[in-house]
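Reader: I have the sequence and the fold open at the bench. Walk me through the charges, contacts and backbone oddities, please.

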Amino acid sequence: MKTFARSTLALGISLALVSAAQASDFEDMDPVTLRLAHVVNEQDGFHIAAVKFQELVAERTDGTISIDIYPNASLGDERTLLEGMQIGTVDMGVITNGPVANFVEEMAVFELPFLFPSPEAAYEVLDGEIGQELLDKLADVNLKGLAYAERGFRNLTNSERAVRSPNDLDGLRIRVMENPVYTDTFRELGANAIPMAWTEALTAMQQGTIDGQENPVNVIHSFKLHETQDHMTLSRHTYAPAIFVMGMPAWNQLPEAAQEVLIEAAQEAAEHERHMNAEMEAAQLDELRAAGMEIVEDPDLEAFQAAVEGVYEKYGDQFGDYLSRIREALR
C-alpha cells in the first residue's frame, strides 16, 4: 500500500510539472469540445472519474479543450458507444472492460474469476507493462486506450434467496455482461447466465424476468438495486477494470500536446475514482443493509473458486502468455 501511495504521489508531481511546461502549447490551438459518454448515473464512480477528467483537461489546456459528459446511456449502451467511437460519432467514454473485450479479446484476461486478490494487486498489473500493452492493442480496432479506471470487485445480488455457495445459485436467472468469460463463469457456478445490456437488465429486474445480477457495491448502491434485489453476496468473484477509451478519429485530430494531457488526466482521474470507490464502499453497504438488503459477507469462497476451474481450462490459452505473466507479476 505504501508503494502504491508513493507512486501516486510521484505521478502527481510529474503531471504537475509536465502540465505547467505545456500551458503555452494551447495558446494557438482552436477550441475543441469532446463528447465523453458512459452508461451509468451521476452517483456512479464512472461519473466521478469523468467529472475529474473534465476538470483536469480544462485546467491543463486553459479551457482550450472542454469535455461534455453524457451519462445514463443517453448516447447508447457500451457496445454502441465503442462502435460510435470507431466511426467518430462519439469521441470517448468510460467503458466497462467486458464490452471492450469484445473488440480486443485479450482484455478479458483481467476478468477471469478470482484472479486478483486485492485492488492493489490489480492496479500493479493494470498500471504496468501488461496493462499498457493491452491498451495499445485497442489501436488495432480504431480505438485509443488512455487509462484504467475501475468498475471494481463484482458481487452477486438476487431477488430469491441468500447465496452462500454455488449450490444456492442453481437455476437462478442471472444477468451478466455481454462477454463470454462472464457467461461461462456463471454457468459453471450453476446459474442460468443471461447476457444483456445494463439498461435492459434494470427493466428485467423490475419485471421479474431475471432473478439477479452481479456488479460492484457502488453500482448496486447507486442504482438502488435493493428495490428489486433482496439479497447480496460479497463474492468479489471478479475484478472488473473500466477504460478511458477514445475513438481514433477524434484522437488523430488532436496535436501531440493535447494527446499527452488527455493521457495524464485520464490516469489521474482513474486513480481519483479508485480512491473514492474505496472510501465510499463501507457507507454504501451500511445504507443497503438499512434499506432491507440481506448481505452474506462470508460465502464459501473456496467452493466458488473450485467451481470455476473450468473457465481457466477453457480460456487460459486464449490469452496467449498474458495469464501466465499476470500470475507471475502477482507472485
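Reader: Are Asp44 and Arg151 buried or exposed?

Author: This is a predicted model. Buried means under 20% relative accessible area. Asp44 meets that label, and so does Arg151. For both residues, the word is buried.

Reader: What distance, N to O, goes with the salt bridge of Asp44 and Arg151?

Author: The cut-off for a salt bridge is 4 Å. The side chains of Asp44 and Arg151 meet in such a bridge. Its N to O distance is 2.6 Å.

Reader: How many residues apart are Asp44 and Arg151?

Author: Asp44 sits in the loop between S1 and helix H2 (45-60). Arg151 belongs to strand S4. The pair links distant parts of the chain, and the separation is 107 residues.

Reader: Which residue forms a salt bridge with Arg274?

Author: The closest N and O atoms of this pair are 2.8 Å apart. Arg274 lies in helix H11, and its partner is in the loop between helix H5 (119-126) and helix H6 (129-137), so parts 147 residues apart in sequence are tied together. The partner is Asp127.

Reader: Is Arg274 buried or exposed?

Author: The buried label applies under 20% relative accessible area. Arg274 has 1%. Its partner Asp127, at 34%, counts as partly exposed. Arg274, by contrast, is buried.

Reader: Why are Asp286 and Arg289 separated by about one helical turn?

Author: Asp286 and Arg289 also meet in a salt bridge, 3.0 Å from N to O. Asp286 is partly exposed at 48%. Arg289 is partly exposed at 31%. The separation is about one helical turn because, in helix H11, they are three residues apart.

Reader: Which residues are linked with Glu129 in a network of salt bridges?

Author: The count of salt bridges comes to 17. Glu129 takes part in a network of them. Its fellow members are Glu133, Asp321 and Arg325.

Reader: Which residues form the negative surface patch with Asp25?

Author: Asp25 is found in the loop between helix H1 (2-22) and strand S1 (32-37). At 40% relative accessibility, Asp25 counts as partly exposed. The residues that complete the patch are Glu27, Asp28, Asp62, Glu256 and Glu260.

Reader: What residues does Asn277 contact, leaving aside its neighbours within four places in sequence?

Author: Asn277 has its place in helix H11 (residues 256-290). At 7% relative accessibility, Asn277 is buried. Leaving aside neighbours within four places in sequence, its contacts are Gly45, Glu150 and Asn218.

Reader: Where is Asn158, and which residues does Asn158 touch beyond four places away in sequence?

Author: Asn158 is placed in strand S4 (residues 143-158). Its relative accessibility is 1%, so Asn158 counts as buried. Not counting residues up to four places away in sequence, Asn158 touches Val163, Leu172, Asp211, Gly212, Gln229, Asp230 and His231.

Reader: How far is the C-alpha atom of Thr228 from that of Ala307?

Author: Thr228 is in the loop between helix H9 (217-222) and strand S8 (231-247). Its relative accessible area is 25%, so Thr228 is partly exposed. Thr228 touches Ser159, Met205 and Gln206, not counting residues up to four places away in sequence. Ala307 is 79 residues apart from Thr228 along the chain, and the C-alpha separation is 27 Å.

Reader: Which residues does Pro180 touch, not counting those up to four places away in sequence?

Author: Pro180 is found in helix H7 (residues 180-188). At 44% relative accessibility, Pro180 counts as partly exposed. Glu271 is 91 residues apart from Pro180 in sequence and 28 Å apart in space, C-alpha to C-alpha. The residues Pro180 touches are Asn102 and Tyr315.

Reader: What is the phi of Ala73?

Author: Most residues other than glycine have a negative phi. Ala73 lies in the loop between strand S2 (65-70) and helix H3 (78-87). Ala73 is buried, with a relative accessible area of 16%. Although Ala73 is not a glycine, its phi is positive, at about 55 degrees.

Reader: Which value is the phi of Phe114 near?

Author: Phe114 lies in the loop between helix H4 (97-100) and H5. Phe114 is a residue other than glycine, and its phi is positive. The value is near 60 degrees.

How values were computed:
Residues are numbered from 1 along each chain as its sequence is written. This is a predicted model: local features need pLDDT of at least 70, side-chain atom pairs count only at pLDDT 80 or more; totals for chains, interfaces and linings use all residues. Side-chain values use heavy atoms; hydrogens and water are left out. Patches are made of residues with over 30% relative accessible area and no salt bridge: like charges are joined within 9 Å, nonpolar side chains (Val, Leu, Ile, Met, Phe, Trp, Tyr) within 5 Å. Accessible areas come from the Shrake-Rupley method with a 1.4 Å probe; for residues, only the protein chains shown count as cover. Lys and Arg count as positive and Asp and Glu as negative; His and the chain ends are not counted. The place of a charge is taken as NZ of Lys, CZ of Arg, CG of Asp or CD of Glu. Helices (H or I, at least four residues) and strands (E, at least two) are DSSP runs, numbered from the N terminus. Buried means under 20% relative accessible area, exposed over 50%, partly exposed in between (1.4 Å probe, protein chains only). Contact means heavy atoms within 4.5 Å.
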